[in-house]
Structure formats: structure tokens, C-alpha cells
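Let's take a relaxed walk through a protein model. Keep the picture beside you and look for each part as it comes up.

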Amino acid sequence: MILFLLLIAHFLADFTFQPKVLAKKKAESFKFLLLHSAIYAAVISAAGFTVTEPEAMLLPFAVIALSHFMLDWLRVLTDGKFKNAAVHFWSFVIDQALHVLILAGVYFLFGLGEHKLAWFENALRWTFVVELIVTGLIFAIIWDPASIFVKKLFAYLSGQVEEPEHDEPRTGSLIGKLERMIIAVLVIFEQLGGIGFVLTAKSIARFKQFEERGFAEKYLVGTLASTFIAMVVSLILRVYI
């Protein structure tokens with residue numbers, strides 16, 4: 001469960017606590033890259049040292065914080081050098097994959113699971129605590145990270161370096177987030193039939209806009225990608241509940 005907590009901290013720090021304005025300034029100024037790295041380190045620190053013996057967490061924390069800074073710096077340099085939609089999309093995907101792999105590698109390499117603080121080890125005996133952590137990880141992934149992935153996917157498919165702006169970006173993004181949360185809950189409680197109802201209700205609200213081919217294609221790609229992420233993440237993690 002320590003690994004799950006570190007992953008929750010990662011997705012919160014790298015997405016929820018990194019608004020679009022900070023992500024943009026990070027690519028333009030080194031001091032904002034340092035600011036993001038400091039915020040990331042603080043969140044990881046709060047998650048790691050709260051449940052793990054301090055002496056066991058110190059070196060892993062340093063590796064995680066430093067590697068995150070280095071990977072983000074490398075991504076900023078890469079995106080700045082190559083003004084290409086494909087490069088920007090895949091740099092995002094590879095960057096996130098490496099962050100997750102480093103967290104997992106550090107967890108297993110340093111055996112952090114064997115260095116739980118007594119209060120946390122006792123808390124894990126309660127089933128609802130484990131369920132809360134796993135559910136928290138599911139929602140941490142499908143909330144902001146999935147939303148940003150879909151936006152970058154749109155940018156990649158449209159050949160734009162920046163994610164394209166929509167008429168109602170906040171509303172559309174919120175609908176997607178709520179849709180994924182509902183799908184995740186349905187998967188967790190094994191009510192897969194309800195997913196069709198959710199997608200149908202969303203489609204009815206956009207019915208008239210389907211006459212525009214460009215919108216219809218974008219809607220289909222976004223909905224399928226969003227649904228796929230929510231279902232796969234929920235199906236994989238629900239085994240721990």
C-alpha cells in the first residue's frame with residue numbers, strides 16, 4: 001500500500017497541484033521548473049515519511065525527487081527543441097511511464113513495504129483502509145491525468161503542438177471526469193451494464209452536434225479513450241479491494 005500512496009502523491013503533485021499556467025511557465029522558465037519540483041518533493045515527502053520509517057525513506061525520497069526533476073528538465077528541453085505534435089505527445093507518455101517505473105523500482109529496490117510505521121501497519125488490518133487507498137489511486141488517475149492525456153491525444157491527432165481549446169473547455173473536461181468516475185464506480189461494484197447507460201446519456205446531450213463530422217470523430221475518440229482508461233484502471237486495481 002505504500003507504493004499506492006506514493007503513486008497517489010505522484011498523480012496529485014504532477015497534475016492536480018500543477019495547474020496549466022504552472023506547466024506552461026515551467027517550460028519557459030527554469031525557476032518555475034524548480035517550483036514544480038519543490039511542490040512535487042513536498043507532496044511525495046508528506047506521503048512517504050508519514051507511513052514509512054524516516055531512515056528507510058530518506059534515500060528513496062532523494063532518488064524520487066531528483067529523478068523527477070531531471071526527467072521534467074529533459075522533457076522541457078526535448079519539447080522546446082522539437083516543435084512537433086507527435087514528439088510532445090510521446091514525450092508526455094514516456095515521461096509519465098518513467099516516473100511510475102521509478103516509483104515502483106524504488107519501492108521494491110529499497111524494500112519500503114518492510115519499513116511501515118506501526119500505526120500504518122495496524123491501520124491496514126482494517127479492510128476499509130485498504131479499500132480507501134485503492135479507490136483513491138483509481139480516482140487520482142482517472143481525474144486529472146486521464147483528462148490531460150485525452151487533451152494531448154486530441155492535439156496529437158490534429159497535428160497541433162498545444163492542446164486545442166474547446167468552446168467550453170471546463171464544462172467538457174468536467175463531464176469527462178464525472179463520466180470516468182461513474183464508470184469506475186460501476187466497474188468496482190461489477191455493474192458493467194450501467195456503463196452503456198452513461199455513454200448513451202452523454203451522447204443524447206450532444207446529439208445535434210453529431211451532424212458535424214469533425215466533432216463526431218473527436219467525440220468518438222475522446223469518449224472511447226476516456227472510457228478505456230477508466231475501465232482498465234478500475235479492473236486492474238479492483239483486485240486489491
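Before we compare helices, we need a way to draw them as lines: an axis is a line fitted to C-alpha atoms, for a helix over the stretch in contact, and the angle between two axes runs from 0 to 180 degrees between N-to-C directions. One more thing to keep in mind is that this is a predicted model.

**Two helix pairs**

Start with helix α1 (residues 2-16) and helix α7 (residues 127-142), whose axes come within 9 Å and cross at roughly 25°. Angles under 35 degrees count as roughly parallel, so α1 is roughly parallel to α7. The crossing of α1 past α7 is left-handed. On the α1 side, the contact uses Phe4, Leu5, Leu7, Ile8 and Phe11, while α7 brings in Ile133, Val134, Gly136, Leu137, Ala140 and Ile141. Sort the residues of this α1 and α7 contact by class and you get ten nonpolar, one polar and no charged.

Now look at α4 and α5, whose axes come within 10 Å and cross at roughly 170°. Angles over 145 degrees count as roughly antiparallel, so α4 is roughly antiparallel to α5. Among the residues making this contact are Val63, Ile64, His68 and Arg75 of α4, along with His88, Phe92, Asp95 and Leu98 of α5. Here the classes divide into ten nonpolar, six polar and four charged residues.

**The nonpolar cores**

How many residues does the largest nonpolar core have? It has 44, and those with the most contacts inside it are Ile133, Leu137, Ile138 and Leu237. Elements giving two or more residues to this core include α1, α3 (30-51), α4 (54-81), α5 (85-109), α7, α9 (169-188) and α11 (213-237). Helix α1 provides the largest share, eleven residues. You met Ile133 and Leu137 earlier, in the contact of α7 with α1.

Ile138 is worth finding too: not counting residues up to four places away in sequence, Ile138 touches Ala184, Ile188, Val233, Ser234 and Leu237. Another core, of six residues, lies apart from the largest one, and Ile183, Leu186, Val187 and Ile195 are among its members.

**Three residues to look up**

Here are three residues with their helices and accessibilities.

| Residue | Helix | Relative accessibility |
|---|---|---|
| Ser234 | α11 | 0%, buried |
| Glu179 | α9 | 3%, buried |
| Tyr156 | α8 (residues 144-158) | 30%, partly exposed |

Why does Ser234 count as buried? Its relative accessibility is 0%, and buried means under 20%. Leaving aside neighbours within four places in sequence, Ser234 is in contact with Ile138, Ala184 and Val187.

Glu179 counts as buried because its relative accessibility is 3%. Setting aside residues up to four places away in sequence, Glu179 touches Val198, Leu199, Lys202, Thr223, Ser226 and Thr227. Glu179 and Ser226 are 47 residues apart along the chain, with 8.3 Å separating their C-alpha atoms.

Tyr156 tells another story. At 30% relative accessibility, Tyr156 counts as partly exposed. Its contacts, not counting residues up to four places away in sequence, are Ala85, Ala86, Phe89 and Trp90. From Tyr156 to His115 there are 41 residues in sequence and 43 Å in space, C-alpha to C-alpha.

Note on methods:
Residues are numbered from 1 along each chain as its sequence is written. This is a predicted model: local features need pLDDT of at least 70, side-chain atom pairs count only at pLDDT 80 or more; totals for chains, interfaces and linings use all residues. Side-chain values use heavy atoms; hydrogens and water are left out. Helices (H or I, at least four residues) and strands (E, at least two) are DSSP runs, numbered from the N terminus. Angles under 35 degrees count as roughly parallel, over 145 as roughly antiparallel, 65 to 115 as roughly perpendicular and the rest as oblique. A crossing is left-handed if the near helix is turned anticlockwise from the far one by less than a right angle, and right-handed if clockwise. Contact means heavy atoms within 4.5 Å. Ala, Val, Leu, Ile, Met, Phe, Trp, Tyr, Cys and Pro count as nonpolar, Asp, Glu, Lys and Arg as charged, and the others, Gly among them, as polar. A nonpolar core is a set of buried Ala, Val, Leu, Ile, Met, Phe, Trp, Tyr and Cys residues joined through side-chain atoms within 4.5 Å. Buried means under 20% relative accessible area, exposed over 50%, partly exposed in between (1.4 Å probe, protein chains only).
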